[in-house]
Amino acid sequence: MKKNITINLCGRLFQIDEDAYELLQQYIESLRQSFGHEEGGEEIVNDIEARIAELFAELNQQGIEAITIEHVKDIISRIGKPEELAGEEETNEGENGGHKYDSFQTAAQGIRDKFRARTAGKRLYRNPNDKMVAGVLSGIATYTGSDVTWWRIGFLLLVLGSNFFLAPILHLFHLGFYFHVNLAFVLFYIVLAIVLPKADTPRQVLEMEGKDVTPQNLADVVIEDKQPVQHRRGCLGAVFSVIFSILAAFFVAIAAIVGVALLICLLLIIVSLVVVFTVPSVRMSLPFDIDDLNLPELISVHPWVVIVFIIGLVLTLAIPLYAICHMLFSKAGKVQPMGIGQRVLWIVIWLASLCSMIPALVWIQEQEREHYYAEITKRYEYQGVMMSHEDKKFLRRGDWNLIKAENCDHYSYCGYFEGISDLSFLDVYNENCEEVFQAERREAVEPGVYFLEYAVRAEGPGPCVYVIGDSIMKKPIPVSEVPGMGWVRTCIENIVVTGDSIAYGVSSDEAFTGQPCRAQWFSATAFKLTRTGDLPKSDK
């Protein structure tokens with residue numbers, strides 16, 4: 001069942017089905033686009049419409065009440081050239097559009113003339129009717145009058161084998177970019193896909209094929225658009241058609257994966273920016289260290305730089321994401337493909353965003369680096385000893401009591417310990433092994449027998465761990481066999497305590513340990529005090 005439409009054509013009413021109406025409308029619209037800008041073009045289109053109305057009337061006289069699409073196709077194919085409808089004689093001046101030479105003096109001149117003959121009257125478009133990716137190679141083949149299969153084979157060989165064939169030649173001429181030749185061909189294809197217009201209208205299809213823009217040729221194009229496209233290829237063309245179809249599907253899949261990754265990154269950045277400006281104390285683990293850029297402080301001093309960075313960063317990710325989504329939706333037929341002007345506009349905006357975001361990011365990182373160095377070089381007092389803020393924070397939180405601290409470059413370090421990264425531990429360093437250090441802390445306990453577990457390492461001999469219960473017990477820190485690593489877990493056992501507390505700590509003070517310090521550094525962490533039993537009866 002088809003829907004019939006009543007149309008008014010040149011003052012006459014006709015019943016026409018929906019498909020026939022769509023074809024007729026497309027044909028008349030193509031005529032107006034092709035002849036509307038020419039002198040007398042409107043009269044030509046009106047004459048053609050009048051002729052169509054006469055032919056529709058003849059069909060009604062034959063007893064046909066509703067015009068079908070087959071009737072419209074037959075009428076369009078029967079319409080002659082506009083010169084015949086207007087009663088004018090057809091002229092052949094300039095029909096060939098190219099110059100013929102009487103003789104050929106050289107082979108090069110012959111090739112040139114042959115190329116000019118093939119491209120005479122043609123314009124270069126992307127061919128949407130026979131495309132694998134964007135229709136660039138098919139458009140070039142149509143423009144040059146050659147087989148598109150060979151263009152695709154050549155392009156595939158250039159992309160996949162250019163490093164093998166062209167790289168040695170470029171290397172002989174000392175061209176440093178020879179290893180990017182295959183990428184250059186891909187980028188060149190992308191540029192052509194952006195710059196070359198697509199043959200969307202019937203007039204553009206005729207210009208691409210080098211045919212005259214006449215009602216008959218326009219009718220052929222319109223009718224062909226209504227027929228299913230069937231390309232007749234040889235065996236080699238079919239093989240490479242399958243290869244390019246696989247490559248196109250692979251490209252679409254990669255684009256989809258990249259789009260998902262861009263979407264995730266964009267969402268993470270937006271969430272991170274919201275958290276950084278609303279809850280500055282909260283840190284997030286992201287692939288982009290936005291929380292380390294100190295943006296809340298910088299925006300109060302240099303707001304425009306931070307704003308440019310944020311806008312540029314968001315647009316740098318959002319524009320490719322939009323382009324990929326638009327491409328996928330256009331492949332699915334949900335939206336129309338982008339026009340050349342729209343593509344160029346988005347590329348210009350993306351480049352502007354990238355060129356504004358990168359300098360702003362470099363400046364922000366430089367400011368943060370200066371802020372970081374200013375913080376780590378600033379000294380704070382802890383129990384009469386000047387040290388960095390990180391060292392003071394570590395000793396204060398660990399409730400460490402500094403007994404001696406001389407010639408120590410630092411007191412803590414954030415490193416790797418038994419599968420845990422970024423873990424701070426007690427660490428003392430002096431390049432000349434002249435550190436004199438002793439720190440301890442005290443824990444409240446019940447009377448009994450205890451043992452102390454801990455992990456230590458040292459670059460050389462001298463430092464020790466000690467425990468003060470009813471007596472002082474000392475145990476040297478073993479020298480690390482692996483430089484920078486070599487953590488050793490050990491303990492001090494049978495610690496007898498009759499009082500209410502135990503003190504333990506680390507020392508490199510020769511006056512306390514009884515031996516000189518020969519270690520540039522030593523570290524200690526993971527102290528754990530455990531009660532193992534009650535006091536002996538004789539000690540109670």
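Strand S11, which covers residues 464-468, is mostly tucked away, with four of its five residues buried. The model here is a predicted one, and S11 makes a handy way into its five-stranded sheet. That sheet is open and antiparallel, and its strands come in the order S6-S9-S14-S11-S12. On one flank, S11 is joined to S12 by five bridges, the two strands running antiparallel. Cys 464 has Pro 476 in S12 as its bridge partner. The connection between S11 and S12 is a hairpin, with three residues between the strands. S11 also pairs with strand S14 (residues 501-507), again antiparallel and through five bridges; here Tyr 466 is the bridge partner of Gly 505.

The borders of this sheet are strand S6 (401-406) and strand S12 (472-476), each of which pairs on one side only. From one strand to the next, the twist averages 15°. At the S6 end, five bridges link S6 to strand S9 (residues 436-444) in the antiparallel sense, and Leu 402 sits opposite Ala 439 of S9. In the loop that leads from S6 to strand S7 (412-417) lies Asn 407. Asn 407 has a positive phi, near 60°, despite being a residue other than glycine. Its relative accessible area is 44%, so Asn 407 counts as partly exposed.

Gln 383 tells a comparable story. Gln 383 belongs to the loop between strand S4 (380-382) and strand S5 (385-387), and its phi is positive at about 55° even though it is not a glycine. With a relative accessible area of 42%, Gln 383 is partly exposed.

Next comes the packing. The largest nonpolar core contains 33 residues, and those with the most contacts inside it include Leu 395, Leu 402, Phe 437, Leu 452, Val 465 and Phe 527. Strand S10 (residues 448-458) gives the most to this core, contributing five residues. Another core lies apart from it, with 24 residues, among them Leu 24, Ile 28, Ile 44 and Ile 76. Back in the 33-residue core, Phe 437 is worth a closer look. Leaving aside residues up to four places away in sequence, Phe 437 touches Leu 402, Lys 404, Cys 408, Tyr 411, Leu 426, Val 428, Val 506, Ser 507, Ser 508, Asp 509 and Phe 522. In general, nonpolar side chains in soluble globular proteins tend to be buried together.

A second open sheet has three strands in the order S1-S2-S3, and its pairing is mixed. Its edge strands, S1 (4-9) and S3 (66-67), each pair on one side only. S1 pairs with strand S2 (residues 12-17) in the antiparallel sense over six bridges, and Ile 5 stands opposite Ile 16 in S2. S1 and S2 form a hairpin with two residues between the strands, in which Cys 10 takes a positive phi near 55°. The mix comes from the other pair: S2 and S3 run parallel, over two bridges. In that parallel pair, Gln 15 has Ala 66 in S3 as its bridge partner.

That leaves the helices and the open space among them. Helix H6 (residues 136-144) has seven of its nine residues buried, so H6 is largely enclosed by the rest of the structure. The buried residues are Val 136, Leu 137, Ser 138, Gly 139, Ile 140, Ala 141 and Thr 144. Just after H6, Gly 145 adopts a positive phi of about 70°.

H6 also turns up in the lining of the largest pocket, as one of the elements that give two or more residues to it. The others are helix H7 (148-165), helix H9 (181-195), helix H12 (235-278), helix H14 (303-331) and helix H15 (340-377). About 1,700 Å³ of space lies in this pocket. Its lining takes in 44 residues, of which Val 133, Ile 190, Ala 193, Phe 251 and Met 327 lie nearest the centre.

Terms used: Residues numbered from 1 in each chain as written. Predicted model: local features only at pLDDT ≥ 70, side-chain atom pairs only at ≥ 80, totals over all residues. Heavy atoms only, no water. Pairing = 2+ DSSP bridges. Core = buried A, V, L, I, M, F, W, Y, C linked by side-chain atoms within 4.5 Å. Buried < 20%, exposed > 50% of the residue type's maximum accessible area, 1.4 Å probe, protein only. Contact = heavy atoms within 4.5 Å. Axes fitted to C-alpha atoms, helices over the stretch in contact; angles between N-to-C directions. 1 Å grid on protein atoms, 1.4 Å probe; cavity = no way out; pocket = protein on both sides within 12 Å on 5 of 7 lines; lining within 4 Å. Points joined across faces, edges and corners; volume = space filled by probe spheres on them.
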